[in-house]
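The following exercises concern the domains and the sheet of one chain. Each task is followed by a solution in steps.

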Amino acid sequence: MNTAEEPLVADATDSSQTTSMAPPPEGVLRRLGSTNTAWIFLVLVGICLAFSIMKPHAFATAFEARTVATNASVLIVVSVGMTFVIITGGIDLSVGSVLVFAGVAAAEAMHAGSDRSIHAGWGTIWLGLVVALVSGLCWGVINGFLVAVARVPALIVTLGTLGAAYGLSQIVTHGQDLRGVPAKLASDVGLGRLVGGIPWMVAIATVVTAVGAAVLYGTRFGRYTLAIGSNAEAARRAGINVRRHLIKVYALQGTLAGLAGFLALAYFDTTTISGHSSDNLAAITAVVIGGTSLFGGRGTVIGSAIGVFIPAVLASGFVIIGVQSYWQNVALGVVLVAAVYIDQMRRQARSRQ
Amino acid sequence: MPSPQLEARGIVKHYGHVRALRGADFTVFPGEVVALIGDNGAGKSTLVKLLSGAGHPDAGEILLEGSPVVLSTPLEAQRLGVETVYQDLALAPDLDGSANLYLGREILRPGLLGKLGALDKKAMRRGARDAFAELGVDLQNALTAVANLSGGQRQSVAVARSVAWASKIVFLDEPTAALGVVQTARVLDVVRRIRDRGISVVLISHNMPQVLEVADRVEVLRLGRRVARFNAAHTSVEELVGAMTGALGDQESVA
């Protein structure tokens with residue numbers, strides 16, 4: 001294919017002689033240390049320690065950990081997708097509405113697939129999952145197409161689909177939350193636990209986070225996502241189909257919002273139509289706190305998951321130590337602005353070099 | 001004289017009412033460093049764009065190794081072994097040197113993981129280090145984001161990338177314009193090394209002494225036409241400037 005590839009591979013044997021290359025483990029550590037991820041993880045640990053010291057018997061319990069983690073699961077799934085979108089330099093405000101729409105679509109499908117859907121079996125539940133994923137995917141593709149091909153700013157596109165998906169959900173349900181979620185779904189997935197007492201919700205969110213992190217860090221898809229966010233023109237000149245990739249990224253986010261909608265359905269045992277209007281901002285906050293740059297090009301999935309936990313732990317901790325839970329919003333606002341401020345400082349320090 | 005590797009004949013390009021190129025010719029012979037010089041507005045950038053697939057000539061033909069080619073996109077030019085390093089470098093600043101070198105041409109792992117799109121980062125880092133070493137580029141930490149590198153190192157990454165994938169010709173558009181003395185010397189050294197690998201280099205530059213130092217031949221554009229060709233060993237800065245400004249007249253003097 002080219003002249004350079006042969007020497008590139010042929011010289012592989014003397015790679016150990018060069019000292020300028022750090023061995024991978026050290027490199028990974030250094031990379032972790034140089035990102036916000038490590039710092040934000042320390043902040044989370046610090047918050048947990050503080051609450052544990054103040055109320056050891058109430059806060060530092062398996063029950064509390066399980067509750068906080070389960071409550072955070074839906075938002076974590078959304079935030080994994082949001083990480084990819086923000087790394088491309090985009091934004092997705094529609095996630096909460098898409099989540100609701102997917103939940104409604106899944107509930108309707110399971111209802112149609114079985115007369116007495118509350119007693120429905122796994123077949124119906126799988127049908128519901130597929131409907132949730134596909135409806136989320138469709139909204140994602142619409143978002144991606146409008147952003148990448150029609151070149152409407154992502155903020156406006158997803159503001160539009162935020163309204164559209166929410167409105168359609170209300171039209172279908174006449175504004176009434178749908179009941180009749182299969183009991184098995186609610187009991188086994190929503191409230192069920194795996195061996196060792198780990199809730200299914202937490203296990204699913206963990207798998208989504210792990211896969212998301214592996215995709216971002218170790219695959220061509222992740223590399224293109226970072227490259228487009230870093231310099232879209234460079235990516236284009238390198239032969240990357242930027243439009244197609246952007247559509248894929250928004251489609252991924254839509255599909256994950258669909259999965260989150262299905263999880264919410266399982267967890268709350270009903271469609272929670274009006275309960276997700278601030279999910280978009282919560283996800284964006286988590287992603288930014290987690291060290292992903294709003295300017296694109298940089299970010300980690302693990303950081304976003306940690307970013308979900310900081311407000312979640314604050315909320316639970318404030319309740320336990322008897323502080324009005326509204327203080328959580330104040331604390332969160334401070335953390336958010338501080339995270340972006342630190343990102344800006346790092347950028348300036350870098351460009352001075 | 002050997003037959004040309006790349007030849008442009010009678011290239012015309014209009015931008016609205018502006019005639020950027022008015023029947024320009026340009027020749028690259030195999031394994032040489034040829035400098036393309038000209039005053040501002042002479043048509044250098046336009047010609048480079050057309051020869052690297054970033055635009056289409058209104059008239060004229062481009063021959064690669066004797067046969068006519070249509071360079072419809074930069075990717076088509078790259079596929080034919082012609083790479084271009086633009087002044088803005090087109091690097092992804094948040095990615096490291098290795099990721100930039102392999103951008104769009106990533107090495108995937110063998111087997112199922114590779115089919116899923118898993119990157120073989122070790123192989124790419126190894127390849128990148130060798131590619132940089134081959135050009136004498138000292139990139140101490142292959143894991144550093146390009147944004148953390150100095151201007152000269154960034155330039156080196158961009159040049160190394162184009163050289164790694166070019167099999168025939170590399171266009172370098174003002175590669176030293178933003179660099180200091182030491183870094184400039186390094187880049188010029190890299191230019192010679194590229195030539196020594198058998199790849200032709202087209203150097204677009206304003207810096208006449210530099211052109212004479214590194215180029216084998218010089219072609220001069222003026223007002224959208226080639227007005228002179230020189231053998232770099234037998235010419236002087238005065239002569240080049242004379243050709244650029246038109247003081248020598250518009251006849252081609254083939255060296």
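**Exercise 1. Domains of chain B**

In this predicted model, the C-alpha centres of domain 1 of chain B and domain 2 of chain B are 28 Å apart.

*Task.* State which residues make up each domain of chain B, and describe the side of domain 1 of chain B that touches domain 2 of chain B.

*Solution.*

1. Begin with the bounds: domain 1 of chain B comprises 1-81 + 169-255, and domain 2 comprises 93-165.
2. Next, count the contacts. In domain 1 of chain B, 14 residues are in contact with 10 residues of domain 2 of chain B.
3. Assign the contacting residues of domain 1 of chain B to elements. Two or more residues come from β7 (169-173) and from α7 (181-196) of chain B, and α7(B) contributes the most, with seven residues.
4. Finally, sort this side of domain 1 of chain B by class: there are nine nonpolar, two polar and three charged residues.

**Exercise 2. The open sheet**

*Task.* Determine the strand order of the six-stranded open sheet of chain B, and explain why one side of β6 and of β10 is left without a neighbour in the sheet.

*Solution.*

1. The six strands of chain B follow the order β6-β7-β8-β3-β9-β10, with mixed pairing.
2. Because β6 (82-85) and β10 (225-231) of chain B stand at the edges and have a single partner strand each, one side of each lacks a neighbour in the sheet.
3. From one strand to the next, the twist averages 20°.
4. Consider one pair within the sheet: β3 (residues 33-38) and β8 (residues 200-204) of chain B are parallel and share four bridges. V201(B) in β8(B) is the bridge partner of V33(B).
5. Add the helices. α7(B) packs on the sheet, where it touches β3, β7 and β8 of chain B, and its direction makes about 150° with that of β8(B). Helix α9 (residues 237-245) of chain B also packs on the sheet, touching β3, β9 (217-222) and β10 of chain B, at about 30° to the direction of β9(B).

**Exercise 3. The edge strand β6(B)**

*Task.* Which residues of β6(B) point one way and which the other, and are they buried or exposed?

*Solution.*

1. Recall the general rule: side chains in a regular strand alternate between the two faces of the sheet.
2. In β6(B), V82(B) and T84(B) point one way, whereas E83(B) and V85(B) point the other way.
3. All of these residues are buried, the criterion being 20 or more other C-beta atoms within 10 Å.
4. Turn to the partner strand: β6(B) and β7(B) run parallel and are joined by four bridges. Opposite T84(B) stands F171(B) in β7(B).

Notes:
Residues are numbered from 1 along each chain as its sequence is written. Chains are lettered from A and ligands numbered from 1 in the order in which they are written. This is a predicted model: local features need pLDDT of at least 70, side-chain atom pairs count only at pLDDT 80 or more; totals for chains, interfaces and linings use all residues. Domain bounds come from an automatic or database domain assignment. Two residues are in contact if their C-beta atoms, placed from the backbone, lie within 7 Å. Ala, Val, Leu, Ile, Met, Phe, Trp, Tyr, Cys and Pro count as nonpolar, Asp, Glu, Lys and Arg as charged, and the others, Gly among them, as polar. Two strands pair if DSSP finds at least two bridges between them. Axes are lines fitted to C-alpha atoms, for helices over the stretch in contact, and angles run from 0 to 180 degrees between N-to-C directions. A residue is buried if 20 or more other C-beta atoms lie within 10 Å of its own, exposed if 12 or fewer, and partly exposed in between; C-beta atoms are placed from the backbone.
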